[in-house]
Amino acid sequence: MTVYDFINIEAKWQKYWSENQVFKVNNYSNLPKYYVMDMFPYPSGAGLHVGHPLGYIASDIYSRYKRHKGFNVLHPQGYDSFGLPAEQYAIQTGRHPLETTNENILKYRTQLDRLGFSFDWSREIRTSNKDYYKWTQWMFIKLYNSWFDFDLNKARSIEELILIFQKNGNTNLNASKSEPLEEFNSNQWNDFSELKKEKLLLKYRMAFLSEIDVNWCPKLGTVLANDEIIDGLSERGGYEVIRKKMTQWSIRISAYSNRLLSGLEDIDWPDPLKEMQRNWIGKSEGALVKFDILNFDKKIEAFTTRADTIYGVTFVTLAPEHSLVELITLEENKDLVKNYILESSKKTERERLSDVKTITGVFTGAYALHPLTNNKIPIWISDYVLAGYGTGAVMAVPCGDQRDYNFAKFFNLPIVNIFKDIDISKEAFKEKHSFILTNSEELNGLDFKKGFDLAIEKLEKINKGIHSVNYKLRDAVFSRQRYWGEPFPVYYKDSMPVMISEKYLPIELPDVDKYLPTEDGKPPLGNSSDWAWDTLKNNIVSNKFIDNETVFRMELNTMPGWAGSSWYFNRYMDPNNENEFASNKSLDYWKEVDLYIGGSEHATGHLLYSRFWQYFLYDLNLVPVKDYAKKLINQGMILGNSAFIYRLNGTNTYISKELVNEKNVQLIHIDVRYVNFSNELDLEGLKKWQSHFKNAKFEFKNNKFFVHREVEKMSKSKYNVVSPDEICNKYGADTLRLYEMFLGPIEQAKPWNTAGITGTFSFLKKFWSLFHQNEKFNVSNEKPSNESLKVLHKTIKKINEDIENFSFNTSVSAFMICVNGLNAIKCNNRSVLESLCVLLSPFAPHICEEIWSKLGYNESISFVNYPEFNSDYIKEDTIEYPVSFNGKLKFKLIQETSLGIEQIKQNILRDQRTNKYLDDRDIKKIIIVSKKIINIVC
């Protein structure tokens, strides 16, 4: 048998695909289109491990399958190449992030090519390339020059808003804005100075500047989004994060809350991910209640979902960052309040929400007036209230809310019970049902629904509240105090932002000597000596000219990592277009992604931001569809099989697993490369790996040291990473592709076990042997046997159904059964094996291309028509009936499927086994269920 030389075979076909651009796709075709996309990777220095390609393999199988089915398939790839890791490395080494990013991309590309992916590399994009981020900047300008109209439920041009102001002022304008604004009429607007007009417009723009509380990481020198923080520390590096007020660019994503929520019903995305987005958006129906402040001409607005409990309010709690705190705090309380605000700034929002046991707060000394009773109620601040959630104020009802209850008990504040015949002596009553209101004046005797409605009605009558829908989703902070990101196309005149004209884009990142913030705390771009905009020359000039009348300072922040990833799926459609982010013709042809594969960890980050971004572009008629991805699949993780050794605490002594008892030991991660399939440790390899093991003491017996194993996330820090290069060298890329699919359903997490890969490798060798005999390629042109056609067409049916259902693991099982079946009958028929070769090619493309060429074909197998299933070939000629006597199985009888009931009865009576089991008894009845069972009643 000719040896299956996977190393040379795979290198040969990877070269062929690349040189002939086999997978390059045209934007316009008579074929139906199909667009398959993966979440593009951030090119880290570590390269790929075997967990990374899982989704890529699945998408590649489906892409290849669709080509066989006659589709014009777009399957692109690129790199999300702006990011903190490259910048941190630049800070440590002084090397420009572009250098290391390009090096990492080269490594990624080499690894991806080796796995045989059918990407159209002519469409490769990198978010850090200026020809790409030119359009990210262009879209930012569009955001800046837009506002959101709640009446039309869409974004509109800022020019239209200016026309509205010129005609009507802002009276009756139902628009999203940064803060409550006083009404003005058209005359007032027209009399405003240009500067005042710009300041007002900034409150309405989709991209706007405002002073907000942000997650500031001093060590990284940048603002972080909530999804970039884990347990109060930065995801990158594990550094402390504090709350800090900063003037930042934000994007008005909150205006799209309702559309983002309702739009989930229109897309075929996983239900768990949809639920995560629903919870993140957080729709609540309730009332916005207004509390007058005693001795101040100000009001506190508090959103509540329990307007029925309005008579249970005994105090008001503000977030420490609330804008009214400083104004209303009495002089004698100011030091306490100031110190409390400082301490709370050291906690992240997640910590403040999750820490339900610690009760803290400070009295401001001020009082609010109850909107219905006019009673004085104290105003406190506490960090369990967040400025960004709702209005940053809570109308505290201790009898109906456990946190309010605990707070009231701790600070000895009054608790009024408004629930009839319900004991609240030990805890609050939190139910919305099974109660009647009491101590609530006109609400007495009502249940939740009736009390809720009547309370809102009364509040609205006296202008102290309105029915309201609230969302947890907040506007997205869009500024990052770092170097390696998209520069803003912005300069400042009279302290107001001005957009640089689109015709001068891209605004390129300048070179800097240092990647840390400046000595006076400005972002790294402040280190550039050439970062000023000359409005006369319309280009970037030296900072020394800023005092000139035509030269202005530029924005020093850069955009966040999610800016470039929020629209890249549209750029793939027309990546080399210099005049548009994508032409209308290409957008109209591809429209949207048909299949998107990526991780669920991006549910409330990229997958939410990108939906918003597409909605915005759709509002401006820049894209033809509102949803950019019809179907999304979240692939599960491939988990690492970590290895640990036991160390005696306080010593340098390590103990083999079987010797561990009640001793005080600590588990230490070690590299899985030094552990064999029997969990035996290579001690000499371990000592060479890390020097501190050289002089360590190891206790074991029978010359074997065994380790402890645990399944956990595959990570370089856990030393459990397995490189795909390692597997490709030993078994080949086709084996790796098949094995990763064979591990389990695509959506589920599954542990990696290198020991299991040998079975998949054996399968490919068996497949290879079907085409070879006596070391020569050998296929027969004779008519295929019925048996071989039956095996083949069962497989065609099974594989077709499995791929359409994304059940790739059962497809691999079906291939194994098929090959075993054909080997058993020694099938080497050309027509059968050709069809099998096409079936297998999406899963194992290299070996199938090689065999296809050996079969005499000069063109790639990639576009050959998919085999047609013929049900005639799998029809059974006979059936095996179980024969029971009085319901007890005694033997089985094979009958032709064409026989009728009476003929089967005659055959059963003639069978000698029937007489044996009758044992001289008479037959009362013979029951035959066609093609299922025979039961003789006697």
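Two strands count as paired if DSSP finds at least two bridges between them. The strands themselves (E, at least two residues) and the helices (H or I, at least four) are DSSP runs, numbered from the N terminus. With that in hand, welcome to this structure.

What you see is a predicted model, in which local features need pLDDT of at least 70 and side-chain atom pairs count only at pLDDT 80 or more, while totals for chains, interfaces and linings use all residues. Residues are numbered from 1 along each chain as its sequence is written, and side-chain values use heavy atoms, with hydrogens and water left out.

**The whole chain**

The protein chain holds 29 helices and 36 strands. Along the principal axes, its C-alpha atoms fill a box of roughly 105 × 80 × 70 Å. Of the 938 residues, 53% are buried; here buried means under 20% relative accessible area, exposed means over 50%, and partly exposed lies in between, with a 1.4 Å probe and protein chains only. About 43200 Å² of the protein chain is exposed, and carbon and sulfur atoms supply 47% of that area. Such areas come from the Shrake-Rupley method with a 1.4 Å probe, and for residues only the protein chains shown count as cover. Among contacts (heavy atoms within 4.5 Å) with a separation of 6 or more, 70% link residues 24 or more positions apart.

**A three-stranded sheet**

One open sheet has three strands in the order S21-S20-S22, paired antiparallel. Strands S21 (539-541) and S22 (551-553) are at the edges with a single partner strand each, so one side of each has no neighbour in the sheet. On average, neighbouring strands of this sheet are turned by 40° against each other, direction ignored; the axes are lines fitted to C-alpha atoms, for helices over the stretch in contact, and angles run from 0 to 180 degrees between N-to-C directions. Strand S20 (residues 532-534) is joined to S22 by three bridges. Trp533 has Phe552 in S22 as its bridge partner.

**Salt bridges**

Side chains of opposite charge can pair when their charged atoms come close. A salt bridge here is a side-chain nitrogen of Lys or Arg within 4 Å of a carboxyl oxygen of Asp or Glu, and the count comes to 44. Three of them are listed below.

| Pair | N to O distance |
|---|---|
| Glu508 and Lys130 | 3.4 Å |
| Arg259 and Asp619 | 2.9 Å |
| Glu834 and Arg830 | 2.8 Å |

Glu508 sits in the loop between strand S19 (496-499) and S20, and Lys130 in helix H5 (residues 130-144), so this pair ties together parts 378 residues apart in sequence. Glu508 is partly exposed at 37% relative accessibility, and Lys130 is partly exposed at 44%.

Arg259 belongs to helix H9 (residues 257-262) and Asp619 to helix H19 (residues 606-619), so their salt bridge ties together parts 360 residues apart in sequence. Arg259 is buried at 12% relative accessible area, and Asp619 is buried at 7%.

Glu834 and Arg830 are four residues apart in helix H26 (residues 830-840), separated by about one helical turn. Glu834 is buried, at 14%, whereas Arg830 is partly exposed, at 23%. Elsewhere, salt bridges that share partners join Lys33, Glu592, Asp594 and Lys630 into one network.

**A nonpolar patch**

Ile927, Val929 and Ile933 form a nonpolar surface patch with about 210 Å² of accessible area together. Patches are made of residues with over 30% relative accessible area and no salt bridge, joining like charges within 9 Å and nonpolar side chains (Val, Leu, Ile, Met, Phe, Trp, Tyr) within 5 Å. Ile933 lies in strand S36 (residues 933-937) and is partly exposed, with a relative accessible area of 40%.
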